[in-house]
Amino acid sequence: MDNLSTQYKFRIIYVSSQEGNDKTGQVYSPNSKEIGDNPFLPQEEIKAFQSISAALKEAKDNSPDWILLKRGDVWYKNLKELKNGESKNAPSVFSSYGKDMERPLLKTDTREGFQVPSNLKFAVLSGIHFQGINKEQKQSSKDGIKLFNKEGETIESFLIEDCLIEYYKHNLIFINNGSLKHFVVRRNLILDSYTSPKTEERSLSQGLLATGANFLLEENIFDHNGWKIQRQPHNDWVDHRLGQATWLNHNTYFPNPKGVILRKNIFLRSSSMQTKWTAENGPGSAKDVIIDNNFYMDGEIGISMGGNKKGSLRFANIKIINNVMLNIGRSRPTNRNLAWYLDIQDWDGGLVENNLFIHQPKTEVDSTYGISISGSSIGHTRNVTINNNLLYNLHSRLAGIVLSSPGKLENIQIKNNQIQFPKLKTSIINSSANLRNFSFENNTYYSDATPEKWFGLVNDQFDYLQWIKDSARMEWKDIPKKEIDLKTWRKVSRDKTSKQQAVKYPHPNRTIEEYNSNVGGKATYDDFLLNIRKQSKSNWRQEYTADAINDWFRAGFNF
């Protein structure tokens with residue numbers, strides 16, 4: 001929205017909790033002498049309103065009016081309204097002004113941050129800090145920004161940009177039963193959602209919950225959502241009352257998406273999954289999803305696209321491309337031993353290409369895989385291509401790639417991938433699936449494991465996927481598995497072109513601590529997190545974007 005002021009005529013309503021006065025506040029035009037060239041930095045003293053409600057009364061509906069809150073000011077209330085704009089090129093704007101580096105803060109406490117109005121059109125919400133329950137409190141809060149779109153309703157041309165949303169039960173929740181057109185969520189900080197109800201009932205918390213949604217999620221930062229503290233190891237079941245991490249809570253959760261694009265986002269320290277996807281209404285109930293050039297680190301599961309209700313071909317036309325996943329399982333929020341990078345189940349057409357799945361060094365996190373491909377017990381996965389990905393040094397008692405299907409698999413191509421474990425004894429591929437349903441070609445394999453143990457064939461009656469889920473209660477030695485070398489693997493998999501080779505990379509062992517040091521920070525994970533949480537429109541640093549981070553890790557592999 002940088003150039004909006006030059007595109008159309010609009011009115012500006014300034015609001016300051018410290019300096020404003022509802023009785024003397026004025027409405028300005030862009031050519032007012034007090035404004036100057038930049039409405040976000042008025043050149044002379046202006047007469048602001050004090051309350052947001054008074055400003056909203058002055059703003060006209062279906063008009064390109066701007067309400068700007070003074071940066072650094074605080075309001076102890078939530079946002080209850082947003083006006084419609086005039087057109088896509090003349091939206092209403094609710095944003096901020098002033099030289100302060102801090103966004104204007106709405107401390108909503110245990111109230112919802114903002115309920116998006118029905119049928120909202122042509123609006124921008126930008127540069128606002130929504131804060132729910134305080135860190136020190138133990139009671140559950142309401143949701144942050146909530147969109148509930150009923151059947152027959154349409155949200156059109158709505159942008160949420162540069163907001164900081166934190167300490168809600170769900171920081172963002174979008175329930176779409178109607179139509180979303182040109183809905184964009186860009187460059188926001190979505191942090192520290194959690195809930196701690198008084199009873200032991202399940203009460204879920206996500207950074208973003210988006211049901212039936214189709215929108216663009218771009219260059220946002222999701223960190224530490226779904227939990228307040230690490231789950232205590234003595235708890236046999238989930239105790240939400242302390243805000244403990246659980247396997248039910250995630251950075252982002254997408255039931256039944258219809259045309260969602262995730263591009264250049266950063267996902268860090270989720271309670272469990274970074275991005276969870278479910279499809280619960282039969283074939284194609286989730287479709288047209290693009291996950292492109294995102295950076296994933298920590299949590300316990302990267303991308304899970306399957307699970308929950310089972311059935312054939314639930315996920316249609318999926319693309320997971322150009323992402324970097326680093327050190328999944330690092331912090332162990334739930335204290336489980338998981339580091340699952342990508343889970344594919346019940347897909348109908350998909351591409352996994354040009355991704356890095358790298359660095360899981362912890363010996364105690366041994367339930368690890370880079371990619372799992374399966375069809376659920378009553379499911380079917382078909383027409384999926386796994387091409388030109390790099391799996392590097394994932395400590396695991398499973399394998400780099402796990403193939404499992406009590407259901408049906410058809411036309412799965414695994415080609416041009418580099419699976420390299422030069423410092424570990426991790427197996428390359430373990431399969432309980434019928435390999436006739438796969439094609440393998442031009443992959444490059446290496447592990448420090450004994451070559452005769454690089455590949456594993458499990459009896460196809462054995463439910464390998466279920467074993468992974470139950471692996472805490474079953475020893476690896478108990479699996480009816482035959483270990484084989486590459487020569488035998490090529491024979492049983494009909495692979496004529498894959499090879500054994502230890503690939504030499506220029507800087508394969510790069511870390512996030514090293515990256516942070518190279519861009520001027522301290523060589524610590526904590527300082528990286530501190531800097532990433534400072535991102536804002538007034539202090540946007542390219543070096544703390546997924547684009548820059550991913551490029552640096554790719555360069556370490558010439559990838």
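Begin in the largest nonpolar core of this predicted model, which holds 94 residues, and select L125, F130, F158 and F215, the members that touch the most others. Keep F130 highlighted and display its surroundings: leaving aside residues up to four places away in sequence, F130 touches L79, L106, G113, F114, L125, I145, C163, L164, I165, E166 and Y168. A second core, separate from that one, has 27 residues, and L189, I221, Y544 and A546 are among them. As general background, nonpolar side chains tend to be buried together in soluble globular proteins.

Next, turn to the aromatic rings, of which 26 pairs are counted in the model. Select F158 and F183, whose ring centres are 5.7 Å apart and whose planes stand at 0°, so the pair is stacked. F158 belongs to strand β11 (residues 154-161) and F183 to strand β14 (residues 179-186), so this pair ties together parts that are 25 residues apart in sequence. Both rings can be checked for burial: F158 counts as buried at 1% relative accessibility, and F183 counts as buried at 2%.

Another stacked pair to select is W340 with Y369, where the centres are 5.5 Å apart and the planes meet at 15°. Because W340 lies in strand β28 (residues 338-345) and Y369 in strand β31 (residues 367-374), the pair ties together parts that are 29 residues apart in sequence. W340 counts as buried at 12% relative accessibility, and Y369 is buried as well, with a relative accessible area of 1%.

Return now to F158 and add F174, F183, F215, F254 and W277 to the selection, which together with F158 form one aromatic cluster.

From the rings, move to strand β26, residues 315-321, where five of the seven residues are buried, so the strand is largely enclosed by the rest of the structure. Show strand β23 (residues 286-292) beside it, and the two can be seen to pair in the parallel sense over six bridges; within this pairing, I321 of β26 is the bridge partner of D292. Then add strand β29 (residues 347-353), which also pairs with β26 in the parallel sense over six bridges, with G350 in β29 serving as the bridge partner of I318.

Follow the chain out of β26 to N322, which lies in the loop between β26 and β27 (324-326). The phi angle of N322 is near 65°, a positive value in a residue other than glycine, and at 23% relative accessibility N322 counts as partly exposed. For a second asparagine with a positive phi, select N558, where the angle is near 50°; this residue lies in the segment after α6 (546-556) and counts as exposed, at 66% relative accessibility.

Go next to N38, in the loop between β2 (27-28) and α1 (52-58), which counts as partly exposed at 31% relative accessibility. What does the side chain of N38 reach? It is the backbone nitrogen of F40, at 2.9 Å. With Y97 also selected, a C-alpha to C-alpha distance of 9.7 Å can be drawn from N38, although these two residues are 59 apart in sequence.

Finish with two charged residues placed over rings. K537 lies over the face of F40, at 5.9 Å from the ring centre, while R330 lies over the face of Y525, at 4.0 Å from the centre of that ring.

Conventions: Residues numbered from 1 in each chain as written. Predicted model: local features only at pLDDT ≥ 70, side-chain atom pairs only at ≥ 80, totals over all residues. Heavy atoms only, no water. Buried < 20%, exposed > 50% of the residue type's maximum accessible area, 1.4 Å probe, protein only. Helix = DSSP H or I, 4+ residues; strand = E, 2+ residues; numbered from the N terminus. Pairing = 2+ DSSP bridges. Core = buried A, V, L, I, M, F, W, Y, C linked by side-chain atoms within 4.5 Å. Contact = heavy atoms within 4.5 Å. Polar contact = N/O pair within 3.5 Å; in protein donor to acceptor, adjacent residues only side chain to side chain. Phe/Tyr/Trp six-rings, centres within 6.5 Å; stacked < 30°, edge-to-face > 60°. Lys NZ or Arg CZ within 6 Å of the ring centre and 35° of its normal.
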